[in-house]
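Trainee: Could we take a close look at one part of this model, the stretch around a single short helix and the loop that leads into it? I would like each term explained as it comes up.

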Amino acid sequence: MTLLKFVSRKIEYVFFAGVTVVAGIILYRFNPENTALFPSCIFHDMTGLYCPGCGGTRALNCLLHGDIVAAFGYNQLMVVLVPVVMYVVLSYMFSSWRFSRVSLSVMWFMLAVVVLYGILRNLTPVLYPHPWGVVTEGVVVCTR
C-alpha cells in the first residue's frame, strides 16, 4: 500500500467516525418520537406493514440512553445486529481483513435473517415495534 493510499484510507476512517459521532449525538439529543427531524417509515406508511427497520431509530435512541429493554421492544433485530455490525466495521478498519467468500456468505446470511425477520414481525404481534419502556424518575423513557 502506498503512502497516499494509506493516508486517504485514514482520512476516510476519520470522516466515517466523525459522521457516526455527530449522528449519535443528534440521535441521543432528539427523541425520534417527539421530533420531526426523523422521517417515518415510508414502507409502513404506504402498506401498513412493518419493515425490518421499523422502530430501528427509536431502538438506537433507547440504546444510546442505556435502555436495552425498550430498545428491544422497538426492534429486536437492531439490538442484536448493532454489536455485530460494530465488530465487522471495526475489524475491517483496524486489520487487514477484507471481504472474502466467507464474509460474503455471512453477508448473504445476514440478508436472509433480515428478510425473514421482516416477514415474521408482521405475523407475530410480539415482534411489532412497541415500547417496553420504563418510567425513570417520573419520566417515561423511550416510549411511543
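To begin with the loop, what is the relative accessible area of G48?

Mentor: G48 has a relative accessible area of 43% and is therefore partly exposed, a class that lies between buried (under 20% relative accessible area) and exposed (over 50%), computed with a 1.4 Å probe and protein chains only. Before going further, please keep in mind that this is a predicted model, in which local features need pLDDT of at least 70 and side-chain atom pairs count only at pLDDT 80 or more, while totals for chains, interfaces and linings use all residues. Residues are numbered from 1 along each chain as its sequence is written, and side-chain values use heavy atoms, with hydrogens and water left out.

G48 sits in the loop between α2 and α3, where helices are DSSP runs (H or I, at least four residues) numbered from the N terminus. In sequence G48 is 74 residues away from N122, yet their C-alpha atoms are 9.6 Å apart in space.

Moving on to α3 itself, which spans residues 56-64, we find that G56, R58, A59, N61 and C62 are buried. R58 deserves a closer look: it forms a salt bridge with E33, and their closest N and O atoms are 3.1 Å apart. The term covers a side-chain nitrogen of Lys or Arg within 4 Å of a carboxyl oxygen of Asp or Glu. Side chains of opposite charge can pair when their charged atoms come close. This pair links distant parts of the chain, since R58 belongs to helix α3 and E33 to the loop between α1 (3-29) and α2 (42-47), 25 residues apart. The structure holds one salt bridge. The two partners can also be described by their accessibility: R58 counts as buried because its relative accessibility is 14%, whereas E33, at 28%, counts as partly exposed.

As for the packing of α3, its axis and that of helix α5 (residues 76-93) come within 9 Å and cross at roughly 60 degrees, which means that α3 is oblique to α5. Here the axes are lines fitted to C-alpha atoms, for helices over the stretch in contact, and angles run from 0 to 180 degrees between N-to-C directions; under 35 degrees counts as roughly parallel, over 145 as roughly antiparallel, 65 to 115 as roughly perpendicular, and the rest as oblique. The crossing is right-handed, meaning that the near helix is turned clockwise from the far one by less than a right angle, whereas an anticlockwise turn would be left-handed. Finally, α3 is followed by G66, whose phi is positive, near 85 degrees.

Definitions and conventions. Helices (H or I, at least four residues) and strands (E, at least two) are DSSP runs, numbered from the N terminus.
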